[in-house]
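Trainee: I have a model open and want to test the terms used for it. Can we take them one by one?
Mentor: Go ahead.

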Amino acid sequence: MIPPPFDYHAPGSLEEALALLGRLDDPKVMSGGQSLLPMLKLRLASPANIVDISRIPGLDSITESGGFLRIGALVTETALEESAVVAERYPILLDTAKVIADPLVRNRATICGNVAHGDPANDHPATMIALMAEMVATGPDGERTIAVDDFFHGLFMTALTPGEILTEIRIPAPGGAPGGAAGGGAGGNGLRSPGEQSGGAYLKLERKVGDYAVAGAAVQLTLDRKGTVTRAGVGLTNLGFAPIRASGAEEVLTGARLVERGGFRGAIDKVRDAITKAPDDDEVIAAAAQAAADATDPVADRRGSVEYKRNMARVLTERAIRRALARATGHGGSGSHGGATGHSGAPNPPAGG
Ligand SMILES: Cc1cc2nc3c(=O)[nH]c(=O)nc-3n(C[C@H](O)[C@H](O)[C@H](O)COP(=O)(O)OP(=O)(O)OC[C@H]3O[C@@H](n4cnc5c(N)ncnc54)[C@H](O)[C@@H]3O)c2cc1C
C-alpha cells in the first residue's frame, strides 16, 4: 500500500500551478487527495508529478453572484455543509455532502475534486446534473465553461484536459441571486422565474454509512404558480459507467401539474382532469421513476444484482421527486431541507444479492 515514487509540487498561485501543469512530464492535480491518494496506494494511478493546489489562496469561496452559486476549487464538503446560503437555498447540495464518506474525509475532500474525478459512484455528479450546473476549467489559454452534460465522458473520464484545473462550479440560482441577472425571467438560466417555486433532493442507498452508493437519485423541480412543472432535472449515481441524466423521467415530469389546487378552482381542475383522463400525481411520479430506472445500466456486484439496483433507482427517484416537490411548495420542513439526511430507508438486497 505504498504509492509509486513521484515528485511533489505545491504552487502558491493558480498561474504557478498552470505553468507547472504545462511544463512537467505526466502531471496530476491534487486538491484534497481523498480519491487520488487511495488510487496511488492501490497503484491504479502512477503520475510522475503531483501538483498539489490545496495551498493556493482565493479558491475556497462559496458565493452567490451573477445569478449563480459559485463553488471554488478548494471548497470542502465540510465548508459546504456549514454554508448558510447552501442550507437556505440549495438543500439538495446539503443532502449530497452529508452522505459522502465520513467527517474526516469531508474535512479534506473538495466538491470540485469529487466532480473532476469522473467516478460514477461519486455523489456530486448526479446532483450537478439535476441542478444543470456548469464547470469552469482554467487552462493555459484562460477559462472555458463546460455544461455538465458535456463534462462526463465515461469511467474516470471528463472533458478536462491534463493542463486544466476545475476552478469553479456554477449552479444557476433559484430565481436569480443577490446582484444576479441570470436567474429570473425569460431567457434567464436560473432554476425559476419570479412566481415560480423550486426545490430539490438527493437520496442515496448505501450498505453502511460512509460507503459509496448502491444507487442514488438527485431531483430538482421548478413549478409555476399553478403547480405545473416547468423544469425538471434528474441525475443518477452509480448506475452506469458515467453519471446519468434520466432524460425520460425529466420529460414525464415537465408539463405535469403536480400540486393540486383547493377550493372551487381545484374542483373545476379535477373535473377537467377526469374528462381528459389526465394522469394523477401518483401516476406521473411512478411513470417518471420507472423512466429513470429504464435509463440505468448497472452491473451486478457486491452491492446488488442488476434487477435490485434498477429497482432501487426507481424507488429512490420516486422518493426524491416527492421530497423535491415538498420543498418546492414549502412543505419540506424548516429551511426547506426538511430535516432530511439524504440517507434512504430503501429495503436491503435479497440474500446473496
Ligand atoms: C473512505 C472514503 C470514502 C469515500 N466515500 C465517498 C462517498 O460516499 N461518496 C463520494 O462521492 N465520494 C466518496 N469518496 C471519494 C472522495 O470523497 C471524493 O472523490 C473526493 O471528494 C475527491 O476530492 P479531492 O479534493 O479529495 O480530490 P483528489 O483526490 O485530490 O483528486 C481526485 C481526482 O480529481 C482530480 N482533481 C481534483 N481536483 C481537481 C481540480 N480542481 N481540477 C482538476 N482536477 C482535479 C485529481 O487529479 C484526481 O484525478 C470517499 C473517499 C474515501 C477516502
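Trainee: Which element gives the most to the shell around the ligand?
Mentor: Helix H7 does, with 4 residues. Keep in mind that this is a predicted model.

Trainee: What makes a residue count as near the ligand?
Mentor: Its C-beta atom, placed from the backbone, must lie within 6 Å. There are 28 residues around the ligand, and Gly 32, Gln 34, Ala 101, Ala 109 and Gly 113 come nearest. Elements giving two or more residues to that shell are strand S2 (27-30), helix H2 (36-41), helix H7 (111-116) and strand S10 (165-172).

Trainee: Which domains does the shell around the ligand draw on?
Mentor: At least three residues come from each of domain 1 (1-56) and domain 2 (58-183 + 196-336).

Trainee: How many residues of the shell are nonpolar, polar and charged?
Mentor: The split is 15 nonpolar, 11 polar and 2 charged. Gly counts as polar here.

Trainee: What is the strand order in the open sheet of 5 strands?
Mentor: The order runs S4-S5-S10-S6-S7, and the pairing is antiparallel.

Trainee: Why do strands S4 and S7 stand at the edges?
Mentor: Strand S4 (62-65) and strand S7 (142-147) each have a single partner strand, so one side of each lacks a neighbour in the sheet. From one strand to the next, the twist averages 25 degrees.

Trainee: What makes S6 and S10 a pair?
Mentor: Pairing needs at least two bridges. Strand S6 (residues 134-139) and S10 have 5 bridges, in the antiparallel sense. Therefore they count as paired. Within this pair, Met 135 stands opposite Ile 169 in S10.

Key
Residues are numbered from 1 along each chain as its sequence is written. This is a predicted model: local features need pLDDT of at least 70, side-chain atom pairs count only at pLDDT 80 or more; totals for chains, interfaces and linings use all residues. Domain bounds come from an automatic or database domain assignment. Axes are lines fitted to C-alpha atoms, for helices over the stretch in contact, and angles run from 0 to 180 degrees between N-to-C directions.
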